[in-house]
Amino acid sequence: MSDKYDVIVIGAGPGGYVAAIKAAQLGLKTACIESWTDKEGKNRLGGTCLNVGCIPSKALLEISHKYEEASHDFAEQGIIAKEVGFDIAKMMKRKEGIVDQLTGGIGGLFKSNGVTPIYGHGKLLANRNVEVTDKDGKKKTYEAENVIIATGSRPIQIPPAPFDGTHIVDSEGALEFTEVPKRLGVIGAGVIGLELGSVWARLGAEVTVLEAVDTFLPVVDQQVAKDALKQFQKQGLNIVLGARMTGAEVKRKLVNVTYEDSKGKQEAKFDKLIVAVGRRPYTDNLLSEDSGVKLDERGFIFVDDNCKTEAPGVWAVGDVVRGPMLAHKASEEGVMVAERIAGHKPQVNYDCIPNVIYTSPEVAWVGKTEQEMKAEGEEYNVGTFPFAANGRAMAANAASGMVKIIADAKTDRIVGFHVVGPQASEIVAQGVIAMEFGSSAEDLALTCFAHPTLSESVHEAALGVAGGAIHIANRRKKK
Ligand code: FAD
Ligand code: AMP
C-alpha cells in the first residue's frame, strides 16, 4: 500500500478514532497513528477515555456504588445481606477486562471500516507530511491531503506535589490502588477529583478534598451544586473549600500536605494523595517548527469554529483544542471534521454539549445556569421538581435531588437543563434533545411521560416553568 493518504489522524482517542472511522466511511483513504502502549508494551487504541479515563473510572464507580448500597442501604429496604465484603484485585480485574474489550473493539472497527492503524509517535512536518517513530526508534514519513490532530491531554502536575507514582498520584494512579488507603487526600474538587474521591470513600477511605476556590463547582448551577454538596457531605466526603495546597512531602509512607485557607497555614496527613487539578493539552514533540500550526496562549492548538488550524489541510479536535475536555465533544468534532473534509458543511452545536459528574447523586447539565442568565441580564423562568416527590425515585431508595429547567421568559425556549439525582446522566439526554430541537418548556409540558418514571420529574419541572406543576406546590419564579 502506498504511504499517501487522504486523511491521517494523529491520536486514537474518542476524537481521533471516531474521526478516522467516519472519514473511511465517507470513502477517504485513512490512517490513524497511535503511540499508546500498555504495561506489557502492547499497542493500545482508545486514548485516555478508554484506557485510563471515562471507562475505567465508571467501572470502579459502578462497582463501588453496588458495594456501598449492599453494605449501607439494603438493610432499610428489608434486605439482609450478611458479611458484605470486597475483593479489590477482582474489582480491578473486572475494570481491566472492560477496558481490554473496548480498546480491542476499536481495532475491530478499524478493520471493518478500512482504517489503517499505524503504531508509533506522530510528528507533523511541513506540507502535511507526518513522521512516525515506532517503539524501536525507526522513523518513516507519510503524506496526506488532510491531517487531523487528536492528541488529547495529560494531567497537570503542580510543583508543590510532583507525582511519585506511589503516594502522590494522578487520576491514572488513582484507578490502580491495590488496597484502600485509610486516609486519602484529593487536590481539586473538579469532576475527576470528586469521582475518584467517591470511589475510594465508598470502599472505606476517609476522604478529604482540598479545593482552592471558595465556591463549590462554580460552573454548575449553584442551586444544584449546593444540593450536591450537602449530599456529598452527608456521605462523609470532607470537602474543604478555599483551601490552596502549597506543599506535599512523603515521609515514612505518609504524605504531609500543607495548605492555606482563610484561617492561615494548615497541615494534613494522608496515606495517598490524588492530584486532580485539571489537564493540559498534549502537544509534546508533535509539531515541527515549519508545520504552520499555532498554539494559543494556554498551549491549546489554535483552531476556528470548525476545528481548522492555521495550516491549510490541518485540523485539530478534542482535548487538544479549546472547549470542554469531554469524550463526546471530541467525537462530535471528529465527525464534523471528517465530514468537512468530504465536502459537507456540518457544525458542532457547542450550546448543546451535556456535562456529567458520575458521583452519587449524579450531577448533569446542558446549557445555561441561573447565575449565567443573571450575569447576562436575561429574563427567564424556572421550573424545579424534587425527586423527593417522585414515586419511582422513592421506590428506588434514591429520592434526593431535583430537575431544574430554565426557559427564556419571552420565547419559553429551554436554555438550561440541570439534574442532580438518580440517573442524572441519562435524564440529561432529554434536555439535550429538547434543546437541539429548539423546544419550549411548554413542548415538554405537553408531552406524555410514562408513570412511574424518574423522567416524570422532567415533566413536572417543565410544567412548573409556567407555574403548572401538579405534584408540588408551585412557586413560580419570574425574573
Ligand atoms: P485522548 O483520549 O487523550 O486521546 C489522545 C490519544 O492520542 C492518546 O491515545 C495518545 O496516546 C495519542 N497521542 C498523543 N500524542 C500522540 C502522537 N504525537 N503520536 C501518536 N499518538 C499520540 N470525559 C467524558 O466525556 N466522560 C467521562 O466520564 C470522563 N471521565 C474521565 C475520567 C478520567 C479519570 C479522565 C482522566 C478523563 C475523563 N474524561 C471523561 C475526559 C476524556 O477522557 C477526554 O475528554 C477524552 O479522552 C478526549 O479525547 P481525545 O481524543 O481528544 O484525547
Ligand atoms: P477541573 O478543572 O474540573 O479538572 O478541576 C480542577 C480543580 O482543582 C479546580 O476546581 C481548581 O480550582 C482546583 N485546584 C487547582 N490547583 C489547586 C491547588 N493548588 N489546591 C487546591 N485546589 C486546586
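So, to get going: by class, how many nonpolar, polar and charged residues does the shell around ligand 2 have? Quick caveat before I answer: what you're looking at is a predicted model. Okay, the split is 10 nonpolar, 3 polar and 2 charged.

Let's stay with that pocket for a minute. In total, 15 residues surround ligand 2, and the closest ones are G188, G190, E211, A212 and M245. Three of those names come up again when we go through the polar atoms.

Start with E211. One of its polar side-chain atoms sits 2.6 Å from an oxygen atom of ligand 2. Then there are two backbone cases, both involving a nitrogen atom of the ligand. For A212, a backbone N or O atom is 3.1 Å from a nitrogen atom of ligand 2. For M245, again a backbone N or O atom, the distance to a nitrogen atom of ligand 2 is 3.0 Å. As for cover, ligand 2 on its own has 510 Å² of accessible area, and the protein covers 70% of that.

Right, second topic: H451. UniProt puts an "active site" feature on H451, and note that the entry is unreviewed. Where is H451 in the fold? You'll find H451 in the loop between α12, which runs 441–445, and α13, which runs 456–465.

And is H451 buried or exposed? Exposed, because its relative accessibility is 65%, and the cut-off for calling a residue exposed is over 50%. The H451 side chain does have a partner, though: it makes a polar contact with the side chain of E456, at 2.7 Å.

That's what I have on ligand 2 and H451. Happy to scroll around the model if anyone wants to look.

Key:
Residues are numbered from 1 along each chain as its sequence is written. Chains are lettered from A and ligands numbered from 1 in the order in which they are written. This is a predicted model: local features need pLDDT of at least 70, side-chain atom pairs count only at pLDDT 80 or more; totals for chains, interfaces and linings use all residues. Side-chain values use heavy atoms; hydrogens and water are left out. A residue is near a molecule or strand if one of its heavy atoms lies within 4 Å of it. A polar contact is a pair of N or O atoms within 3.5 Å; within protein, one must be able to donate a hydrogen and the other to accept it, and residues adjacent in sequence count only if both atoms are side-chain atoms. Accessible areas come from the Shrake-Rupley method with a 1.4 Å probe; for residues, only the protein chains shown count as cover. Ala, Val, Leu, Ile, Met, Phe, Trp, Tyr, Cys and Pro count as nonpolar, Asp, Glu, Lys and Arg as charged, and the others, Gly among them, as polar. UniProt positions are given in the numbering used here, feature names are shortened, and annotations may be inferred rather than shown by experiment. Helices (H or I, at least four residues) and strands (E, at least two) are DSSP runs, numbered from the N terminus. Buried means under 20% relative accessible area, exposed over 50%, partly exposed in between (1.4 Å probe, protein chains only).
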